[in-house]
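The following report describes the secondary-structure elements of a two-part model, their packing and the contact between the parts. Please look at the sequence and the structure before reading on.

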Amino acid sequence: MAQKIAAPPLDARRLKSRLLREMVRENLSTAAGGPPAALRRGRHRWRNLALGVGLSVLTVSQLASSRVQTASPERVAAAIVAATEPVPPAPAAGAADAERFARPTPIDPAVFPLAVRRVVLDPGHGGDNGGTRSPGGTLVEKALTLDIAERLRRLLEQGQFQVVMTRESDQSVALTQRTELANSAAGDIFVSVHLNWIVSRQSHGVETYFLGPTQDPELTRLAAEENRDSGYSLADLRRLLDGVYASVRESQSRRLAESVEHELFRALHPVSPDLEDRGVKSAPFVVLIGTRMPAILAEVSCLSNAEEARLLRQDEYRQLIAIALYKGIRTYAQAASHADQKGT
Amino acid sequence: MTTDGVLYAGIDLGTSRSSISASNGQRHVVDSYVGWPLDMVARKVLKKTVVIGREALDNRLMLDLHRPLERGLIKEGSEKDEAAVRELLQHLLALVGADGKNAKIRAVVGVPAEAMRINKQNLRNAMKGLTGSLMIVSEPFAVAYGMDALLHTMIIDIGAGTSDFCVMNGRYPTEEDQRTLTTAGDAVDDQLYKLIRERHPEARFSIHMVREWKEKWSFVGEPKDRVMVTAPIGGKPTQLDITEEMRAACETLLPPVVETMFDLLSRVEPEYQDRVRQNIILSGGGGLVRGLGPALESALAEVGGGKVKVVKDPVFVGSDGGLAIALDAPESDWEKLAS
């Protein structure tokens, strides 16, 4: 039989009766296909908030009211999705592409502190798409990205993050599937792990991307290569791009990218002294376009360089990369969390 | 069984073990493993189309083996895991004599808090039609209800796949009142396996053997006796002293559990924090780790002290709580939830 502890100083029967009513209400809601009551309340509040942003009737000071400050991370994320996904404009004959890709009015990102709870990890490539190879051909990008992502996953879970992986084995997963998975899992951030290949085999370094336009032909080539099997049509891409350059997500993605890049270089440079800090860059990779959360693509090493390939064969080096990624994510998450607490 | 022929049941659908307590007085526990024979040969040997519990674990080489709530969640989109939940539930109901008359069964199923949050709908779909009426609740809530610990208490339910924390403050727990860690029994198993492997690389043992060792001898703090186990080395059964490895692995639970406990405590209204600290309940397999309750009390001493009560019957505390809910729920509520 169940143990009993001291009875609470309330009418226990009334209390139990109230709890049972709440429990039944939630079960009825689930049976009817609705979300849990707590989420329903949150959705309603944030729909109002998003509407307010859309109508530009809320000033920043109004947005900093208790409604924003006490919201859970999921609700904040939901609000950002709503706020950064404008209704696609009606197709106008001859409308200039530049106009369709126009940047929405910037919103101060500080209004939307993003607490991070669930991380979507995307080990690049997989299955038929091996990615790049080391000079001798023995190391393949898809295996290394999965190994590093698995290590990172363990670190994140130990650090109390929830982790969703876009792939857990050597399987082909289309880029569209990866982004759909990230969105349906309601990830708070998205981290895609890749290994670079640089024409000059003497060069090697780390670089981290967030979503944005680029004029750099080399980045255009790289993005085209990574996006090759995306499964998106041009129309799909335009629709996605209409909403993605909104400043909130871009700004958060940039912060995440900076945090990760900083930790990667700091951790790897002592082991690999010639390593270059190739910095934080913006580029239109599909996995960054299609995801609705702050998203980055980290080129954590460079397989075209023999020295890097040698290091990547070592468990310790791959673990070092995973730890650096973890630290970068944690630093970003802590900063977001502090911003959240300051608001309360 | 009540006079009207209705059977009420509380079910704890756990990541490692699942238990059922029924109003006819029957209680059973099974390992949460479900397996389907891999081929014709396996089906012929096992003489079953589906194998559940310990039998599934013992015959795992012949089975497509699933632990449906391994990380506290049904894997999204995994039909096999949903089917496994269904098979497991059906099996538990059959054990208490509730097969084939589902219109007369009213069941409360406790699941890991994370599954409640993420895939409650999948769970409900997986269980549809097995009972006349069904309610799904988070496991810590079922434990709290069964122990009448509904006000100013904290439940720490350390299971296999997840450690669930829940503060009961007189309302049905919301997301803000709960936390879930994936640092739990399975993580201890992995750590213990790794540590023993490092120290005795020549010994042969499996993760299932490690789990059994942990269930018998887990502890934190000072050892009561040396932990000696037997594993083959070069084909010869050999005694291994794994005391230090056991302690190190079990103590990996402490930092995240203490940190989460403090985090939840800090969110309790200040005037009630002391009362919650004095009413912390440790349930699940974690309650069987010797010394864990006192270790948590030592940590609580840093914030003014507190008491940790270890449940005496961790195997059935959740299903007993579910049964208590089932028996207390008004008839009208059961009718509303009839499938």
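In β6(A), which residue is the bridge partner of A:His194? The partner is A:Glu299. Before this pairing is set in its context, two remarks on conventions are needed. This is a predicted model, in which local features need pLDDT of at least 70 and side-chain atom pairs count only at pLDDT 80 or more, while totals for chains, interfaces and linings use all residues. Residues are numbered from 1 along each chain as its sequence is written, and chains are lettered from A and ligands numbered from 1 in the order in which they are written.

**The sheet of chain A**

Helices (H or I, at least four residues) and strands (E, at least two) are DSSP runs, numbered from the N terminus, and two strands pair if DSSP finds at least two bridges between them. In chain A, an open sheet of 6 strands with mixed pairing follows the order β2-β1-β3-β6-β4-β5. At its edges are β2 (162–165) and β5 (276–282) of chain A, each of which pairs on one side only, and the twist averages 20° from one strand to the next. Strands β3 (residues 189–196) and β6 (residues 295–302) of chain A run parallel and are joined by 6 bridges. Helix α7 (residues 141–158) of chain A lies across β1 (118–123), β2, β3 and β6 of chain A, at about 145° to β3(A); here axes are lines fitted to C-alpha atoms, for helices over the stretch in contact, and angles run from 0 to 180 degrees between N-to-C directions.

**The sheet of chain B and its strand β8**

Chain B has 13 helices and 15 strands, and buried residues make up 52% of its 339 residues, where a residue is buried if 20 or more other C-beta atoms lie within 10 Å of its own, exposed if 12 or fewer, and partly exposed in between, with C-beta atoms placed from the backbone. One open sheet of this chain has 5 strands in the order β3-β2-β1-β7-β8 (chain B), again with mixed pairing. Because β3 (27–31) and β8 (133–138) of chain B each have a single partner strand, they stand at the edges, and one side of each is left without a neighbour in the sheet. Neighbouring strands of this sheet are turned by 15° against each other on average, direction ignored.

Strand β7 (residues 105–111) of chain B runs parallel to β8(B) and is joined to it by 6 bridges; among the partners, B:Ala107 is matched with B:Leu134 and B:Val109 with B:Ile136. Although β8(B) is an edge strand, 6 of its 6 residues are buried: B:Ser133, B:Met135 and B:Val137 point one way, and B:Leu134, B:Ile136 and B:Ser138 the other.

B:Val109 is also among the residues with the most contacts inside the largest nonpolar core, which has 99 residues; such a core is a set of buried Ala, Val, Leu, Ile, Met, Phe, Trp, Tyr and Cys residues joined through C-beta atoms within 7 Å. Helix α3 (residues 79–95) of chain B gives the most to this core, with 6 residues. Apart from this core lies another, of 62 residues, including A:Leu146 and A:Val206.

**Helix packing in chain B**

Helix α5 (residues 139–146) of chain B lies across β1 (7–13), β7 and β8 of chain B, at about 95° to β8(B). Two helix pairs of chain B are set side by side below.

| Helix pair | Axis distance | Angle |
|---|---|---|
| α5(B) and α12(B) (317–328) | 7 Å | about 70° |
| α6(B) (185–199) and α7(B) (207–217) | within 9 Å | roughly 110° |

Since angles of 65 to 115 degrees count as roughly perpendicular (under 35 is roughly parallel, over 145 roughly antiparallel, the rest oblique), α5(B) and α12(B) are roughly perpendicular to each other, and α6(B) and α7(B) are therefore roughly perpendicular as well. In the latter pair, B:Val188, B:Asp189, B:Leu192, B:Tyr193 and B:Ile196 meet B:Ile207, B:Val210, B:Arg211 and B:Lys214, where contact requires C-beta atoms, placed from the backbone, to lie within 7 Å. These residues divide into 6 nonpolar, no polar and 3 charged, with Ala, Val, Leu, Ile, Met, Phe, Trp, Tyr, Cys and Pro counted as nonpolar, Asp, Glu, Lys and Arg as charged, and the others, Gly among them, as polar.

**The contact between the chains**

The contact takes 36 residues from chain B and 26 residues from chain A. On the side of chain B, the elements that give two or more residues are α4 (113–127), β8, β9 (151–158), α12 and α13 (331–336), and α12(B) provides the largest share, 6 residues. By class, this side has 16 nonpolar, 9 polar and 11 charged residues.

How values were computed
Two residues are in contact if their C-beta atoms, placed from the backbone, lie within 7 Å.
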